[in-house]
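Here is a friendly walk through this structure, written for someone opening it for the first time. Please keep the 3D view at hand as you read.

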Amino acid sequence: MALGGGEVATYGKKKKKDRHAYHTVEAPAGSSAAFNGIPQAGVQPSSFLNADPSAMPGPGGQFLNQPITPQMSQFPAPVNAPFNPTNQASSAEFNSRQADPAFHANVQTSAQGRVDPDQIPSVPRSRDAISQYYLSNVYPTFEHHIPPPASVSFVAFDQGNSSPKFTRLTMNSIPSTADALHSTGLPLGLLLQPLAPLQAGELEIPVLDFGEVGPPRCHRCRAYINPFMVFRSGGNKFVCNMCNYANDVPPEYFCATTPQGARVDREQRPELMRGTVEFLVPKEYWSKEPVGLRWLFLIDVGQESFNKGFLEGFCEGIMAALYGSDADTEERKIPEGAKVGFVTFDKDIHFYNMSPSLDQAQMLIMPDIEDPFLPLDEGLFVDPYEAKSNITSLLSQLPALFSQIKNPEPALLPTLNSALAALEKTGGKIICSLAALPTWGPGRLFLRDDGKQHGGDAEKKLFSTEHPGWRKVADKMVAAGVGIDFFLAAPGGGYLDIATIGHVSATTGGETFYYPNFVSPRDTAKLSQEIAHTVTRETGYQALMKVRCSNGLQVSSYHGNFHQHTFGADIEFGVVDADKAMGVMFSYDGKLDAKLDAHFQSALLYTTANGQRRVRCSNVIASVSDNAKDCMKFVDQDAVYTLIAKEAATKMTSSSLKEIRGALTEKTVDILAGYRKNFSGSHPPGQLVLPENLKEFGMYILGLIKSRAFKGGQEPTDRRVHDMRMLKSMGALELSLYLYPRMIPVHNLQPEDGFPNAETGHLHMPPSVRCSFSRVEEGGVYLIDNGQNCYLWMHAQTSPNLIADLFGEEKDSLKSLDPYSSSLPVLQTQLNAQVRNILEYLKIMRGSKALTIQLARQGLDGAEYEFARLLVEDRNNEAQSYVDWLVHIHRHVQLELTGQRKKEDSGDNSIASNFAGLRPPYW
């Protein structure tokens with residue numbers, strides 16, 4: 001069945017007209033009276049003119065007990081032609097038009113008034129509305145064609161199409177030709193997070209063993225068996241859904257088919273029922289004998305690391321990661337077969353023999369850093385539970401051991417080379433701490449960024465590394481199946497050359513955790529939790545990845561942190577983990593047949609942490625349509641801006657930031673102008689018409705332009721590069737929060753907020769508010785979380801009672817709070833319990849970064865500047881406010897419609913094409 005087949009039932013027999021969010025810009029005053037709360041002629045004055053109808057009784061009551069489902073495209077009633085006061089509208093039609101005050105933005109830029117900021121699309125409102133629905137409903141992956149927003153918690157039911165947690169297509173219905181795709185302005189791509197974590201209530205990924213022969217695959221294109229392959233000739237042949245080749249079914253896999261053509265044993269075969277499965281693979285898929293994952297901890301014991309308390313925090317973090325906070329439990333945190341090893345470094349490299357047969361760890365110093373070698377064979381890697389006493393005594397003694405030595409200059413590159421030598425035979429994962437610029441020995445780095453190369457080509461050079469030693473070690477690590485995560489604490493916020501050091505982790509598929517101003521008591525909890533998360537999240541190593549797609553499409557590029565030898569080759573990772581995502585872009589090499597569906601399959605070959613070689617396979621299907629207008633109904637907004645962000649981050653080393661910002665704006669105009677021109681029907685020229693599924697798209701792109709990676713103005717290159725690489729590897733959930741943070745007022749919580757619902761057991765979350773200072777109330781206290789850091793902002797006039805309820809009786813003023821606290825004390829007050837529960841919920845809805853709170857008290861803490869940065873709807877970060885941005889975009893959409901928009905190079909439609917016609921005056 002084609003995906004389009006289920007539509008009729010959903011929308012009834014009436015032809016479904018388009019739905020838009022209207023934004024009347026420059027309407028003469030008073031012309032859109034109905035939107036201002038005055039009923040227009042022909043409409044009975046009703047109580048829900050300016051209200052949210054889904055929550056109102058009255059004529060629209062037929063939706064009252066029927067939740068708005070995403071299948072309805074979030075709107076229950078079909079929308080008719082633009083409103084004409086003489087035609088009486090049925091209450092359902094009227095309701096669907098007035099479905100949310102955010103849709104009809106009476107955005108007046110005329111002299112009579114300013115734009116009303118309440119009328120423009122609201123990210124928090126769209127997130128909160130849908131999250132309610134998914135508290136009581138699952139997401140069936142085949143029946144629904146638009147996945148839930150990335151920041152919403154949902155349970156996916158895998159029906160043969162992979163869950164959106166693993167795969168998101170930018171369009172779940174694809175235009176049949178390249179020209180039709182071009183008319184939408186949208187990218188065609190797939191966002192992949194192959195090892196994404198599941199949540200409670202979702203089925204485990206089935207692991208299938210086909211013995212020595214391996215999983216059945218297509219002989220021509222090598223696609224793996226999946227639910228969309230068709231069996232025919234009584235079950236003797238299977239037709240590949242990618243290349244349509246008819247393969248013989250291997251005898252051991254044969255099964256008779258029913259008259260309808262389905263295999264009799266289909267229900268018992270997960271690979272024919274589920275969209276995401278794992279295959280255990282035989283020896284021909286091995287590059288070396290798979291073993292349990294080897295974790296190698298490289299610990300910086302230099303002067304900065306010791307003085308900052310970073311060394312102590314790092315050692316505590318490793319112990320928490322391996323043994324948990326309660327040291328007596330015997331529960332395994334890392335799987336059977338995995339082993340750990342320890343190396344410390346300053347200007348020398350120290351190896352430790354941790355063998356459980358020794359009474360205590362034995363230290364071997366290797367002073368020859370010019371030509372490092374491996375001084376011991378046995379005893380470097382041990383089972384953390386057999387050698388527990390040696391490991392805990394070593395880690396607790398390290399800070400004291402090096403307190404007298406304090407070498408200021410670490411030698412990092414030789415340490416990485418000797419770590420690689422230790423892992424060369426097996427592959428594995430390195431976790432390395434660093435607290436000073438490594439200025440010693442071969443591969444020493446210099447202060448490249450003196451803050452003067454602002455903008456232009458000089459700054460661009462600082463975003464990548466030319467150093468041959470560092471590039472070589474990165475390539476060698478990938479080849480050996482080794483990856484690395486860095487924990488970097490900048491000395492006094494100083495320069496660490498993350499462009500060079502982080503190149504090694506980015507190429508190998510690892511991650512850098514960066515603490516720009518590490519302060520010991522405050523950030524130790526975050527450090528400790530992040531190390532624990534790194535060690536315990538699902539991790540694979542020695543990974544290869546390939547994406548296959550239907551005839552008529554081809555992969556045009558991959559975006560993410562990995563190593564790719566030549567264009568078109570498989571992409572390689574030293575390590576890959578649950579939080580990493582990559583983007584794949586497709587282009588057309590022919591016309592697609594609208595009678596058939598388009599298929600995509602990603603295959604990740606990797607070794608699991610317990611030493612099994614597996615292929616993680618995800619299958620996605622999309623319908624194909626000759627009419628691009630239909631495709632606009634199935635656009636996945638999160639996938640679109642995530643792929644645009646990944647592509648823009650890839651361009652950072654080749655284009656200037658100014659060009660990238662211009663091109664992001666340009667892309668937004670292309671998409672909205674394409675929609676307005678080709679698909680939206682007739683509207684007054686003053687209206688900004690947004691596609692229903694891309695209402696908040698403009699806000700997310702503005703958030704991207706304001707992000708640390710791309711924003712104008714001064715920004716340390718370390719922070720820019722760190723955020724650029726982070727954008728390349730972020731999944732949709734983490735990016736959604738990063739571009740538009742959650743802001744929750746905690747001074748006016750309802751009594752039920754922050755407690756589980758008595759019937760369902762789900763935590764009742766308070767609504768979040770728009771990220772704008774205009775929403776901040778006097779005396780208010782707000783949590784703002786962008787998935788990286790979480791700030792508790794407190795107004796200068798915060799009531800002493802509220803402070804005492806949150807922090808304890810003896811704390812009654814802002815000044816009495818400890819500026820370095822990172823969590824709330826556990827108190828018996830209602831408010832304290834509510835806020836702690838809300839924080840616990842936020843902990844599960846994020847990517848790889850831990851959640852600890854940082855105080856931002858008005859007028860007292862420097863973190864207040866960070867809080868102001870996160871209010872992305874205001875004018876900040878060298879870019880416009882949300883309202884001005886929409887007006888600006890609208891102006892250029894109008895220019896495009898009248899043919900007056902200037903383009904320099906109209907031939908190039910990639911996002912990197914740079915245009916002059918579009919820069920706001922202060923870029």
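1. Two residues are in contact when they have heavy atoms within 4.5 Å of each other. Taking the contacts between residues at least 6 apart in sequence, 74% join residues at least 24 apart. Please bear in mind that this is a predicted model.

2. Now for the overall picture. The protein has 923 residues, and buried residues make up 61% of them. Its secondary structure comprises 22 helices and 29 strands. The accessible surface comes to about 35,100 Å², and carbon and sulfur atoms account for 52% of that area.

3. A good place to start looking is the inside. In soluble globular proteins, nonpolar side chains tend to be buried together. The largest nonpolar core here has 139 residues, and Ile430, Phe600 and Phe710 have the most contacts inside it. Helix α15, residues 657–678, gives the most to this core, with eight residues. Apart from this core lies another one of 43 residues, including Phe297, Phe310, Tyr385 and Ile431.

4. What does Ile430 touch, not counting residues up to four places away in sequence? Its partners include Leu296, Leu298, Ala419 and Leu423, and also Met477, Val482, Gly483, Ile484 and Asp485.

5. Helix α15 deserves a closer look. Of its 22 residues, 17 are buried, so the helix is largely enclosed by the rest of the structure. At 1.5 Å a residue, α15 should span 32 Å, and its end C-alpha atoms are 31 Å apart, which agrees.

6. Leu664 is a handy residue to select in α15. It counts as buried because its relative accessibility is 1%, where the cut-off is under 20%. Beyond its neighbours within four places in sequence, Leu664 is in contact with Ile644, Ala648, Ile701, Leu704, Ile705 and Phe710. One of these partners, Leu704, is 40 residues from Leu664 in sequence, yet their C-alpha atoms are 8.6 Å apart in space.

7. Helix α11 is mostly covered too: eleven of its eleven residues are buried. Among them are Ile498, His503, Val504 and Thr508. Just after α11, Gly509 takes a positive phi of about 90°.

8. Next come the charged pairs. Side chains of opposite charge can pair when their charged atoms come close. The structure holds 42 salt bridges. One of the pairs is Arg616 with Glu278, whose side chains meet at 2.7 Å, N to O. This pair links distant parts of the chain, with Arg616 in strand β24 (residues 613–625) and Glu278 in strand β11 (residues 276–280), 338 residues apart. Are these two residues buried or exposed? Arg616 is buried, with a relative accessible area of 4%, and Glu278 is buried as well, at 1%.

9. Another salt bridge joins the side chains of Glu511 and Lys580, at 2.8 Å, N to O. Glu511 lies in the loop between α11 and β18, and Lys580 in the loop between β21 and β22, so the pair ties together parts that are 69 residues apart in sequence. Both Glu511 and Lys580 are buried. The two also belong to a network of salt bridges that links Lys429, Asp485, Glu511, Arg537, Asp577, Asp579, Lys580 and Lys849.

10. For a pair within a single helix, see Glu866 and Arg869, whose side chains meet in a salt bridge at 3.9 Å, N to O. They are three residues apart in helix α21 (residues 863–870), so about one helical turn separates them. Arg869 counts as buried, at 18% relative accessibility.

11. Thr426 sits in the loop between α8 and β16. With a relative accessible area of 18%, Thr426 is buried. Leaving aside neighbours within four places in sequence, Thr426 is in contact with Lys288, Val291, Arg294, Tyr541 and Gln542.

12. Finally, turn to the outside. Which residues form a nonpolar patch on the surface? Val138, Phe157 and Leu203 do, with about 270 Å² of accessible area together. Val138 is found in the loop between α3 and β2, and is partly exposed, with a relative accessible area of 43%.

Definitions and conventions: Residues are numbered from 1 along each chain as its sequence is written. This is a predicted model: local features need pLDDT of at least 70, side-chain atom pairs count only at pLDDT 80 or more; totals for chains, interfaces and linings use all residues. Side-chain values use heavy atoms; hydrogens and water are left out. A nonpolar core is a set of buried Ala, Val, Leu, Ile, Met, Phe, Trp, Tyr and Cys residues joined through side-chain atoms within 4.5 Å. Buried means under 20% relative accessible area, exposed over 50%, partly exposed in between (1.4 Å probe, protein chains only). Helices (H or I, at least four residues) and strands (E, at least two) are DSSP runs, numbered from the N terminus. Patches are made of residues with over 30% relative accessible area and no salt bridge: like charges are joined within 9 Å, nonpolar side chains (Val, Leu, Ile, Met, Phe, Trp, Tyr) within 5 Å. Accessible areas come from the Shrake-Rupley method with a 1.4 Å probe; for residues, only the protein chains shown count as cover. A salt bridge is a side-chain nitrogen of Lys or Arg within 4 Å of a carboxyl oxygen of Asp or Glu. The expected span of a helix is 1.5 Å times one less than its number of residues.
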